[in-house]
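These are my notebook entries on a structure that I am reading for the first time. I set down what I looked up, entry by entry.

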Amino acid sequence: MTVSDDIQARAAQLREQLHRHNYRYYVLDDPTIPDAEYDRVFQALQALEAAHPRLIVPDSPTQRVGGQPLVAFTPVRHQVPMLSIHTETDPGPDGALAFDAQTRRELGLDETAAPVEYACELKFDGLAINLRYERGVLVQAVTRGDGETGEEVTPNVRTIKTVPLRLRGAAPEVLEVRGEAYMRHADFERYNARQRAAGLPTLVNPRNGAAGGIRQLDPVQAAKRPLSFFAYGLGEVQGWELPATHSALLDALAGFGLPVSRERTVAQGAAGLIAFHHAIAAQRDALPFDIDGVVYKVNRLDWQRQLGFRTREPRWAVAHKFPAQEQLTVVEAIEVQVGRTGAITPVARLQPVFVGGVTVTNATLHNADEVARKDVRVGDTVIVRRAGDVIPEVVDVVLERRSAKSQSFVMPEHCPVCGSQILRPEGEVVARCIGGLYCSAQRKEAIRHFASRRALDIEGLGDKLVEQLVDRELVRNPADLYALDAATLAGLERMGGKSAENLIQALARSRTTTLARFLYALGIREVGETTARTLAAHFGALEPLLSADLTQLQQVPDVGPVAAAAVQAFFQEPHNREIIARLRAAGVQWPETAIEPVAELQPLAGKTVVLTGTLESLSRDQASEQLRALGAKVSGSVSRKTNYVVAGRDAGSKLDKARELGVTVLDEAELLALLDSGGR
């Protein structure tokens, strides 16, 4: 069936829009439309192509992921060999001095000649790739291989969103672009977090993640690894007169829409090379991706041709490496650390090893599941990685060096800081200390939460003041707050007499609260505002809640086995009960309430409501309270189980999701009518 000219033109227009927005989003990092608008254009093109399959072309943005898994990779001979660059490992200036001296000597330049101009770039830590464009369209992607022959990985490279499927502007007849496929730190961390949550293997490091992603036989699986690409050179070229310099060449590649690193410069002589090396070494930890050095290239292309090659390396370029970010060492012990929220993290104590420019003696093991998955034992030889400011981690075990005396790790049952029970909630990978009110490792976080607006609402007790109170050991737990006096507070940094008196008054006001707010303020794991209100309404008083067993707790609406176990464990911990008693003795009180009617008898029982946007006549909190009073559950996210979405001014993605799912949308007037009618 033929496709009309109008439909073909519309498809071409949509493709061009998506190419333009992809370039701005992934290459320039400067999007001009919101994600929802991009999705709308993408879906419109998908719909056209589904209705008219003849419209599908290889460079369509809809074709980045798809196709049948490969049986094997096809060998491809490079038209222009992909040669490696000589590597200089001396971390000092000698490497740059030697390269400049050699270059001047081979070019026949004496001491009176002007300094040689060099193009300076980053040495990316990923996988080298050759992209072949014909008449501007990506037709093939090949790995370096042995330099003469690589493997075709086109379907996988097409999943990399920074790789343009079509070049911008008037492209050459043939343009082979050399560059590096790599994984950004943020993408690496997000990928590993998802894998850990799913109980699946994690990546050892970003470089292995990039190499493994490119060499997946199934492009759909390759697409799950979020890779990026930087261009830095050329292979075969037909129909294009090259610029005079390498730096101008990179500018031209950027003009074609190819991603080129901004961290590059043109330097004069050895002094310029040394300055670039020092500057990038200082920035290395802040870069969003891994590098293992810098690259110096003679900038003039005619001089590059004159210098030529030695064996398999160009004479006109050298890679100047930085200290390694991975090293081997031995695990001397495995201990646990307690985080500010009570998370228990196994930590490997290591034989000191120099990694990434610093001496490392400790490395994180993340959680007990990760220790078991990697099978890290005391006495093992391990690979330790340190990248930037990221905490060093054990990424793998060298099993062939394992001793028969190695010892497996066992998670302790009690917190090493406060002695409270360590609990691992069902379905979670993180174990936690439940002594939140007592544990010194969690002290600052517990006090901040206790004083927060939706808890005890102690106005004036900000983060910096909490830091001072805890660091000076004036406050060890929330109960100590009520023993503070104005004179002590006035002596603290940035706390005059008036501020101190205001805080004392705020503490006095906070003594009168509600049971729901008090329960929320305790910071019990799995007990947010909604669950705290539900528990308060169900039990009516604190005493029956303190003694409730799992069966009684699970009779509370919306309290499942995990939340019930967390509540019971918290109240069974003697340290927590002691601090609750001290809070009551300090005058923290609330009115006893009658147990609320069974939720099923309330008008909005079983209904889930989501609020989005700004309401004019009442605050979000007031609307939530009134809805809950009628038995509704107020949620923060829209799903198929949502009954109503209340859309105020400037409603965002939640309103879009409601419309997509067919959820009933109420405006503010309809919400007020619902509340005025008592939910009927």
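**Entry 1. Asn 362.** I looked up the contacts of Asn 362 and, leaving out residues up to four places away in sequence, I found that it touches Val 347, Ala 348, Arg 349, Leu 350 and Pro 392. I note here that the model is a predicted one. Asn 362 has its place in strand S16, which covers residues 358–364. I then asked whether Asn 362 is buried, partly exposed or exposed. Its relative accessibility is 32%, so Asn 362 counts as partly exposed; the class lies between the limits of 20% and 50%. I also checked Asn 362 against Gly 126: the two are 236 residues apart in sequence, and their C-alpha atoms are 26 Å apart in space.

**Entry 2. Two residues with positive phi.** I looked at the backbone of Arg 135 and found a positive phi of about 55 degrees, although Arg 135 is not a glycine. Arg 135 lies in the loop between strand S4 (127–134) and strand S5 (137–143). With a relative accessibility of 56%, Arg 135 counts as exposed, because the limit for that class is over 50%.

I turned next to Glu 526, whose phi is near 75 degrees, again a positive value in a residue other than glycine. I located Glu 526 in the loop between H16 and H17. Its relative accessibility is 34%, and Glu 526 therefore counts as partly exposed.

**Entry 3. Strands S7 and S8.** I examined how strand S7 (residues 174–182) pairs with S8 and recorded an antiparallel pairing over 8 bridges. At one position of this pairing, Val 174 stands opposite Gln 238 in S8. How many residues of strand S8 are buried? I found 8 of its 11 residues buried, and strand S8 (residues 228–238) is thus mostly covered.

**Entry 4. Helices H3 and H9.** I looked up the packing of helix H3 (residues 94–107) against helix H9 (residues 269–283): the angle is about 150 degrees and the axes are 9 Å apart. This makes H3 roughly antiparallel to H9, because angles over 145 degrees are classed in that way. The crossing of H3 and H9 is right-handed. On the side of H3 I listed Ala 96, Leu 97, Phe 99 and Asp 100 as making the contact, and on the side of H9 Gly 269, Ala 270, Leu 273 and Ile 274.

**Entry 5. The nonpolar cores.** I asked which residues have the most contacts inside the largest nonpolar core. They are Ile 458, Leu 461, Leu 481, Leu 519, Leu 535 and Phe 571, in a core of 54 residues. Several helices each supply at least two residues of this core, including helix H12 (443–451), helix H15 (497–510), helix H17 (529–539) and helix H20 (561–572). H16 gives the most, with 6 residues.

I followed Ile 458 further. Not counting residues up to four places away in sequence, Ile 458 touches Phe 450, Ala 451, Leu 481, Tyr 482, Leu 503, Ala 506, Leu 507 and Ser 510. Apart from the largest core lies another, of 31 residues; among them are Phe 73, Leu 138, Phe 229 and Leu 250.

**Entry 6. Helices H20 and H21.** I checked the axes of H20 and H21, which come within 5 Å and cross at roughly 70 degrees. H20 is therefore roughly perpendicular to H21. In this pair, Phe 570, Phe 571 and Gln 572 in H20 meet Pro 574, Asn 576, Arg 577 and Ile 580 in H21.

**Entry 7. A parallel sheet.** I traced an open sheet of 4 strands in the order S22-S21-S23-S24, with parallel pairing. Its edge strands are S22 (633–635) and S24 (664–666), each of which pairs on one side only. Neighbouring strands of this sheet are turned against each other by 30 degrees on average, direction ignored. Strand S21 (residues 608–612) is joined to strand S23 (residues 644–647) by 4 bridges, and Thr 612 has Ala 647 as its bridge partner in S23.

Finally I looked for helices lying across these strands. Helix H22 (residues 620–629) lies across S21 and S22 and runs at about 170 degrees to S21. Helix H23 (residues 653–661) lies across S21, S23 and S24, and runs at about 140 degrees to S21.

Note on methods:
Residues numbered from 1 in each chain as written. Predicted model: local features only at pLDDT ≥ 70, side-chain atom pairs only at ≥ 80, totals over all residues. Heavy atoms only, no water. Pairing = 2+ DSSP bridges. Axes fitted to C-alpha atoms, helices over the stretch in contact; angles between N-to-C directions. Contact = heavy atoms within 4.5 Å. Core = buried A, V, L, I, M, F, W, Y, C linked by side-chain atoms within 4.5 Å. Buried < 20%, exposed > 50% of the residue type's maximum accessible area, 1.4 Å probe, protein only. Parallel < 35°, antiparallel > 145°, perpendicular 65-115°, else oblique. Left-handed = near helix turned anticlockwise from the far one by under 90°.
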